[in-house]
Amino acid sequence: MDYLGQLAPEVTRNFAAALDLGLVPLANNPFNESRFPIKFAEYMAAGTPVLCSAVGECATFFDVFPWALPAGSEKDTWLKSFRDTMELAMAGSLPIVNHHVLAKALSWQHQANLLDGLYQAELTASTTRAITPTL
């Protein structure tokens, strides 16, 4: 690993594309449970698979993106997952990022449709609750 300091935003995409694997280690705490780290999407947008802690919003994408590799939520599981993933990398077996699937899943239109579906489901449920008498 090389620490390059702070990179300008226009340089980060090229840097991420040069990586074999993006790392997103997250401590299992309330802060990380409540956020979506931008690096998770930046690495994949550059075509780089990601090893990420199974914490918060990131944990919901492991079933959606096979190139997002789960690393557990504790230090010991992270280290084991890292070793296992390095073996995959050395064998040339890391999954390849599918940009079409990624763009569709993270697009504003897709996210808006998900939000609208949740909103509509809640409206239906609250209307049903208001009409259904309680015994």
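A salt bridge here is a side-chain nitrogen of Lys or Arg within 4 Å of a carboxyl oxygen of Asp or Glu. By that rule the structure holds two salt bridges. Before I go through them, note that this is a predicted model.

The first bridge joins the side chains of K39 and E42, with an N to O distance of 2.7 Å. Both residues sit in helix α3, which covers residues 38–45, and they are three residues apart, about one turn of the helix. K39 counts as partly exposed because its relative accessibility is 34%. E42, at 29% relative accessibility, is also partly exposed.

The second bridge links K80 with D84, and its closest N and O atoms are 2.7 Å apart. What separates K80 and D84 along the helix? They are four residues apart in helix α4, residues 75–90, so about one helical turn lies between them. K80 has 47% relative accessibility and counts as partly exposed. D84 counts as partly exposed too, at 33%.

Next, the interior. The largest nonpolar core has 19 residues, and the members that touch the most other members are F40, M44, V50, C52 and F65. Three elements each supply at least two residues of this core: α3, β2 (50–52) and α5 (99–106). The most comes from α3, with three residues. Apart from this core lies another one, of six residues, among them L21, L51, W78 and L94.

C52 deserves a separate word. Leaving out residues up to four places away in sequence, C52 touches V24, L26, F40, C58, F62, L69, P70, A71 and W78. That list includes F40, named a moment ago among the residues of the largest core with the most contacts to other members. The list also includes a second cysteine, C58.

So how many disulfides are there? With a cut-off of 2.5 Å between cysteine sulfur atoms, the count comes to zero. C52 is in no disulfide, and the nearest cysteine sulfur, that of C58, is 3.7 Å away. Why is C58 not bonded to C52? The closest cysteine sulfur to that of C58 is the one in C52, and 3.7 Å is too far for a bond. Are these two cysteines buried or exposed? C52 is buried, because its relative accessibility is 0%. C58 is buried as well, also at 0%.

Last, the aromatics. A pair of aromatic rings is described by the distance of the centres and the angle of the planes. The structure holds five aromatic pairs, and I will show two.

In the pair F36 and F40, the ring centres are 5.6 Å apart and the planes are at 80 degrees, so the pair is edge-to-face. F36 is partly exposed, with a relative accessible area of 32%, whereas F40 is buried, at 0%.

In the pair F61 and F65, the centres are 5.2 Å apart and the planes are at 0 degrees, so this pair is stacked. F61 is buried, with a relative accessible area of 11%. F65 is buried at 0%.

Which residues form the aromatic cluster? F36, F40, F61, F65 and W67 form one cluster, which brings both pairs I showed together with W67. F40 and F65 also appear in the list of best-connected members of the largest core, in the sense of touching the most other members.

That is where I stop.

How values were computed. Residues are numbered from 1 along each chain as its sequence is written. This is a predicted model: local features need pLDDT of at least 70, side-chain atom pairs count only at pLDDT 80 or more; totals for chains, interfaces and linings use all residues. Side-chain values use heavy atoms; hydrogens and water are left out. Buried means under 20% relative accessible area, exposed over 50%, partly exposed in between (1.4 Å probe, protein chains only). A nonpolar core is a set of buried Ala, Val, Leu, Ile, Met, Phe, Trp, Tyr and Cys residues joined through side-chain atoms within 4.5 Å. Contact means heavy atoms within 4.5 Å. Rings of Phe, Tyr and Trp (its six-membered ring) pair if their centres lie within 6.5 Å; planes under 30 degrees apart count as stacked, over 60 as edge-to-face and the rest as tilted.
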